[in-house]
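Please open the model in your viewer and keep the selection panel at hand. The tour moves from one selection to the next and says what is found at each stop.

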Amino acid sequence: MFGTVWLGHTLYQFKKSPYLHSRVRELLSDCALPISVLTFSTVGSYFFQDIRISLFNYVETENLFVMAPFGSMSMAAIASSMGLGFILSMLFFIEQNIVASLTNAPENRLVKGTAYHWDLLLIALINIGLSTYGLPWIHAAYPHSPMHVRALAYVEERVEHGHIYETIVCVKETRLTSLVANLLVGLSIFLLPLPLQWIPQPVLYGLFLYIALTSIDGSQLFERVALLLKEQTAYPPTHYIRRVPQRKIHYFTGLQVLQLIILCGFGMSPLTYMKMIFPLIMIFMIPIRYNLLPKIIESKYLDAMDAEH
């Protein structure tokens, strides 16, 4: 797991090194995740084949597309399934809109129109079909994500008031990458049980940890958490630091960290029913932001910290 994270993060940062040609550095950075997964899947499956480790779980059946036995369900089971399905649908809706707002942030300099509402409708229709066969739902956010935008972007480093920061110059917007990615996801069914079972579960954990670490890069929340450890003269010249008092920034950061801890407590709970109500907890965070926080921090300061510029 740590090897996957280490190699992936090293290659992800390789574009900042002086070695090799700039296009090669950019290619290695963009392909950091598949390279690290393939490398340590080979290491785990070949060099440690005598050690029993957890592999990708797969139960082979004659036919995946078997109609779910709806007739054997009681009315109570149907009602509870509808309730849980509605809660999960709300989570998809919220997360899709969060991903859409992050992807279309002004600093990404996207110019083409979006089709996220049509994407969400298409995902809903596909998931209806998957539900009838008892198959897992597919997620609406992939691959419309800031990581996807970053992989297609031309990035420059600039210096302002002694601080180095990266800025996106332009993005090569195309639908081909999304189409190819989803086609590859669909074709992966033909890779079962092998070679997908050659991927050890720790490599998958490392994959998710890599995504988490690279997502922190550029996150305003973690930038503000870092301000708690810096002296005021070392603060970067960001827009909210010029407009919001230092004490108010730390208040807002502390409240966000508290909300994050609550969300992690429900989302990572070993109790199944705690995880089921996780989408409801996310929805309850909306009135907290718009009704409770303005009573603690002035609305003009909240708007400044919420804005990207």
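**Stop one: a charged pair across the chain**

Begin by selecting Glu298, which counts as partly exposed at a relative accessibility of 35%, and bear in mind throughout that this is a predicted model. Next add Lys248 to the selection: Glu298 forms a salt bridge with Lys248, and the closest N and O atoms of the pair are 3.3 Å apart. The two residues stand 50 residues apart and link distant parts of the chain, since Glu298 sits in the loop between helix 13 (278-296) and helix 14 (299-306), whereas Lys248 belongs to helix 11 (residues 246-267). Lys248 has a relative accessible area of 11% and is therefore buried, the cut-off being under 20%, while its partner Glu298, at 35%, is partly exposed.

**Stop two: the other salt bridge**

The structure holds 2 salt bridges, and for another one you should select Arg289 together with Asp303, where the closest N and O atoms are 3.9 Å apart. Because Arg289 lies in helix 13 and Asp303 in helix 14, this pair ties together parts that are 14 residues apart in sequence. Colouring by accessibility is useful here as well: Arg289 is buried, with a relative accessible area of 15%, but Asp303 counts as partly exposed at 49%.

**Stop three: Arg224 and its surroundings**

Now move to helix 9, which spans residues 220-227, and select Arg224 within it. Is Arg224 buried or exposed? With a relative accessible area of 2%, Arg224 is buried. Show the side chain of Thr253 as well, and you will find a polar contact of 3.0 Å joining it to the side chain of Arg224. To complete the view, display Tyr240, Ile249, Phe252 and Gln256, which, along with Thr253, are touched by Arg224 when residues up to four places away in sequence are not counted.

**Stop four: the annotated spans**

Finally, colour the residues that an unreviewed UniProt entry annotates as "transmembrane region", namely 68-94, 205-229, 249-268 and 274-292. Looking along residues 249-268, you will see a stretch that is 95% helix and 0% strand, with its end C-alpha atoms 28 Å apart. Residues 274-292 are likewise 95% helix and 0% strand, and here the end C-alpha atoms lie 24 Å apart.

Technical notes:
Residues are numbered from 1 along each chain as its sequence is written. This is a predicted model: local features need pLDDT of at least 70, side-chain atom pairs count only at pLDDT 80 or more; totals for chains, interfaces and linings use all residues. Side-chain values use heavy atoms; hydrogens and water are left out. Helices (H or I, at least four residues) and strands (E, at least two) are DSSP runs, numbered from the N terminus. Buried means under 20% relative accessible area, exposed over 50%, partly exposed in between (1.4 Å probe, protein chains only). A polar contact is a pair of N or O atoms within 3.5 Å; within protein, one must be able to donate a hydrogen and the other to accept it, and residues adjacent in sequence count only if both atoms are side-chain atoms. Contact means heavy atoms within 4.5 Å. A salt bridge is a side-chain nitrogen of Lys or Arg within 4 Å of a carboxyl oxygen of Asp or Glu. UniProt positions are given in the numbering used here, feature names are shortened, and annotations may be inferred rather than shown by experiment.
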